[in-house]
2 protein chains.
Amino acid sequence: MAGGRPRAFDADAALDRALEVFWRQGYEGTSLSDLTTALGINRPSLYAAFGNKDELFAKALNRYISGPGACASVALEAPTTREVVERMVDCAIELTAGTDTPSGCLTVNSVHACGPNSASARDAALAYRKAGEAALRRRFEQASDLPEGYEPGTLARLVHTITDGIAVQAASGRTRDELRQVADLALNALLP
Amino acid sequence: MAGGRPRAFDADAALDRALEVFWRQGYEGTSLSDLTTALGINRPSLYAAFGNKDELFAKALNRYISGPGACASVALEAPTTREVVERMVDCAIELTAGTDTPSGCLTVNSVHACGPNSASARDAALAYRKAGEAALRRRFEQASDLPEGYEPGTLARLVHTITDGIAVQAASGRTRDELRQVADLALNALLP
DNA sequence: CCAGTTGTGTACCGATCGGTATGAAACTAG
DNA sequence: CTAGTTTCATACCGATCGGTACACAACTGG
């Protein structure tokens, strides 16, 4: 049992770069050549380290959720309903309209990859989205300060709808400050 | 001056089918082979009638805006601010979660086509989106019943954000009835 | 009939797609 | 050193991509 030739690149850093490419160009808009040039490695190394394109996307999506997108699950820990929603929306704005990262949301983008060869990427994104919304609903179900007439499931869906909308707006070029105004208006109307 | 061989297909009906394919699969997810089989014509006929893939997409997008998406501009004619928003949101739900048409919104989908060869499709979608939002803002600017503290531009952006979110939710599989509940909650909070 | 024009069908173009075979290079264990 | 193992680099695979050349069919005006 010997350990062969050491790999000449940092797999973690490479995955980060893959995430950035998928985030900017989407699953369908990213080719293997785009990936190999961005990662600075050649094709066989990519396949040996990450599997095929679908698996690499799945790993990048994983990193997206647990890295820059982690604020969404952290937001659930806020004490009040209002603060949960507030942090959730703030997270969406920073994530999708931040200046250091591509515009838009990777999961929202991937939902719209509906070509015949994109089913696996789309399904992976849908699974994360579904789980995220279920967690938000559970958080509201356990809340004691939910305003009268607000159903947990419906509120969760509305918040998710708004953060999705923010992602689309960010992908359309809307700036962070513009989205903050929109978010303030929505928040003050929804949970005054 | 003679009129050559008559074309063997209905160009209008073909364009409708092209729209449906782009709507369901997105610009990047739709190949020329998908189009020719869906339209029932062969490649040279498609190119002679509609130009290249980009031009066909532009024409399909045009038809989308002036056909099923026309409810968005009709909504602006409603008498009150509340009704404008109400119809706008209803339009988004019917358009993106209707049972006779593909799920999701073509312009929202196309914004997420950000591969290197999709710039023209993306730009066309962005132009329509920008124009639609400007029209909504102008409608609110001329409104006399705008609630106090509501800025026309911000409200227009929020409504657009919500309709975008609805489109994403519809593309994710959410049903029309679920979206109606979400829309009701949002509307009652925003314009009680 | 003929000439001119326009659409149709087939068969093809170079480029790129995702994915891989192959052999040399770089390491570890003995 | 050698044997075994893993990675790297090149070069390639069939399939599909968007787009087109070309010959023939179907029409109109004379």
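## Elements facing DNA strand D

Helix 3 (43-50) of chain A, together with helix 2 (32-39) and helix 3 (43-50) of chain B, each contribute at least two residues to the surface near DNA strand D, helices being DSSP runs of H or I with at least four residues, numbered from the N terminus, and near meaning that a heavy atom of the residue lies within 4 Å of the strand. The largest share of this surface, 3 residues, is supplied by helix 3 of chain B.

This is a predicted model, in which local features need pLDDT of at least 70 and side-chain atom pairs count only at pLDDT 80 or more, while totals for chains, interfaces and linings use all residues. Residues are numbered from 1 along each chain as its sequence is written, chains are lettered from A and ligands numbered from 1 in the order in which they are written, and side-chain values use heavy atoms, with hydrogens and water left out.

## Contacts with the strand

DNA strand D is surrounded by 25 residues, the closest being Ala8(A), Ser45(A), Leu32(B), Tyr47(B) and Lys53(B). Of the strand atoms that come within 4 Å of the protein, 66% belong to sugar and phosphate.

Phosphate oxygens of DNA strand D lie 2.9 Å from a polar side-chain atom of Ser45(A), 2.8 Å from a polar side-chain atom of Tyr47(B) and 2.7 Å from a polar backbone atom of Leu32(B).

## Relation of the two chains

A turn of 180 degrees with a shift of 0.0 Å along the axis lays chain A on chain B with an RMSD of 0.0 Å, the superposition being by least squares on the C-alpha atoms of residues with pLDDT of at least 70 in both. The two copies are therefore related as by a two-fold rotation axis.

Terms used. Polar contact = N/O pair within 3.5 Å; in protein donor to acceptor, adjacent residues only side chain to side chain.
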